[in-house]
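User: I am new to this structure and would like a close look at its aromatic rings, followed outward to whatever surrounds them. Please explain each term as you go.

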Amino acid sequence: EVELVEYGGGAVQPGGSLRLSCVGSGFSFSTYWMYWVRQAPGQGLEWVSVFTTGDTQYYGDSVKGRFTISRDNAKNTVTLQMNNLQPEDTAAYYCVRDFLGGTWTLGYWGQGAQVTVSS
């Protein structure tokens with residue numbers, strides 16, 4: 001069965017850095033776009049980043065220049081490096097597999113990782 005397991009998360013001070021990882025299993029990892037989305041307290045879901053199967057990365061405006069997405073298909077892993085974190089980045093972060101491959105539709109979800117930024 002398809003499974004996405006997230007690692008990382010935690011509490012950092014403003015300006016700090018954190019790295020999230022997500023390991024997939026049960027599917028051909030290299031043939032799917034992988035996304036990171038987040039949900040802040042009391043807010044809706046926000047698209048953060050995507051890494052396509054064509055080795056292209058896109059970012060939401062709120063994180064552009066601070067976050068970097070990467071993937072290692074040999075290890076079935078997608079990673080989100082978060083730098084210069086700010087309190088407004090506090091959220092539950094989810095890695096998500098594309099529904100069919102590269103369709104801009106969301107399929108399977110990880111369990112979520114909490115990121116808290118405060119002084």
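Analyst: Two rings of Phe, Tyr or Trp (for Trp, the six-membered ring) are called a pair if their centres lie within 6.5 Å, and the pair is stacked when the planes are under 30 degrees apart, edge-to-face when they are over 60, and tilted for the rest. By that definition, a search of the whole structure finds seven aromatic pairs. One of them is formed by Phe 27 and Tyr 32, which meet edge-to-face with 5.4 Å from centre to centre and 90° between the planes.

Before going further, please keep in mind that this is a predicted model, in which local features need pLDDT of at least 70 and side-chain atom pairs count only at pLDDT 80 or more, whereas totals for chains, interfaces and linings use all residues. Residues are numbered from 1 along each chain as its sequence is written, and side-chain values use heavy atoms, with hydrogens and water left out.

Phe 27 and Tyr 32 are both buried, a word used here for a relative accessible area under 20%, while exposed means over 50% and partly exposed lies in between (1.4 Å probe, protein chains only). A charged side chain joins these two rings: Arg 97 lies over the face of Phe 27, at 5.1 Å from the ring centre, and Arg 97 also lies over the face of Tyr 32, at 3.9 Å from the ring centre. A charge is said to sit over a ring when NZ of Lys or CZ of Arg is within 6 Å of the ring centre and within 35 degrees of the ring normal.

Another pair is made by Trp 33 and Trp 104, whose ring centres are 4.9 Å apart and whose planes stand at 85°, so that this pair too is edge-to-face. Trp 33 belongs to the loop between strand 3 (18-25) and strand 4 (34-39), and Trp 104 to the loop between strand 9 (91-98) and strand 10 (106-109), so the two rings tie together parts that are 71 residues apart in sequence. Strands (E, at least two residues) and helices (H or I, at least four) are DSSP runs, numbered from the N terminus. Trp 33 has a relative accessible area of 14% and therefore counts as buried. The two Trp residues also belong to one aromatic cluster, which consists of Trp 33, Tyr 35, Trp 47, Tyr 58 and Trp 104.

Beyond these rings, strand 3 and strand 9 appear again in a covalent link. The search of the whole structure finds one disulfide, meaning a pair of cysteine sulfur atoms within 2.5 Å. Cys 22 and Cys 95 form that disulfide, with their sulfur atoms 1.9 Å apart, and with 50° about the S-S bond the link of Cys 22 and Cys 95 is right-handed. Because Cys 22 lies in strand 3 and Cys 95 in strand 9, this pair ties together parts that are 73 residues apart in sequence. Both ends are buried, Cys 22 at 0% relative accessibility and Cys 95 likewise at 0%.

Aromatic residues also take part in a nonpolar core, that is, a set of buried Ala, Val, Leu, Ile, Met, Phe, Trp, Tyr and Cys residues joined through side-chain atoms within 4.5 Å. In soluble globular proteins, nonpolar side chains tend to be buried together. The largest core here has 26 residues, and Trp 36, Phe 67 and Tyr 93 are among those with the most contacts inside it, as are Leu 20 and Met 82. Two or more residues of this core come from each of strand 3, strand 4, strand 5 (45-51), strand 7, strand 8 (77-82), strand 9 and strand 11 (113-117). Leu 20 touches, among others, Trp 36, Tyr 93, Tyr 7 and Met 82, leaving out residues up to four places away in sequence; a contact means heavy atoms within 4.5 Å. Apart from this core lies another, of seven residues, including Val 50, Ala 92, Tyr 94 and Val 96.

Met 82 leads on to a charged residue, as Arg 66 touches Met 82, Leu 85 and Asp 89, among others. Arg 66 sits in the loop between strand 6 (57-59) and strand 7 (67-72), and forms a salt bridge with Asp 89, the closest N and O atoms being 2.7 Å apart. A salt bridge is a side-chain nitrogen of Lys or Arg within 4 Å of a carboxyl oxygen of Asp or Glu. Arg 66 counts as buried at 15% relative accessibility, and Asp 89 is buried at 0%.
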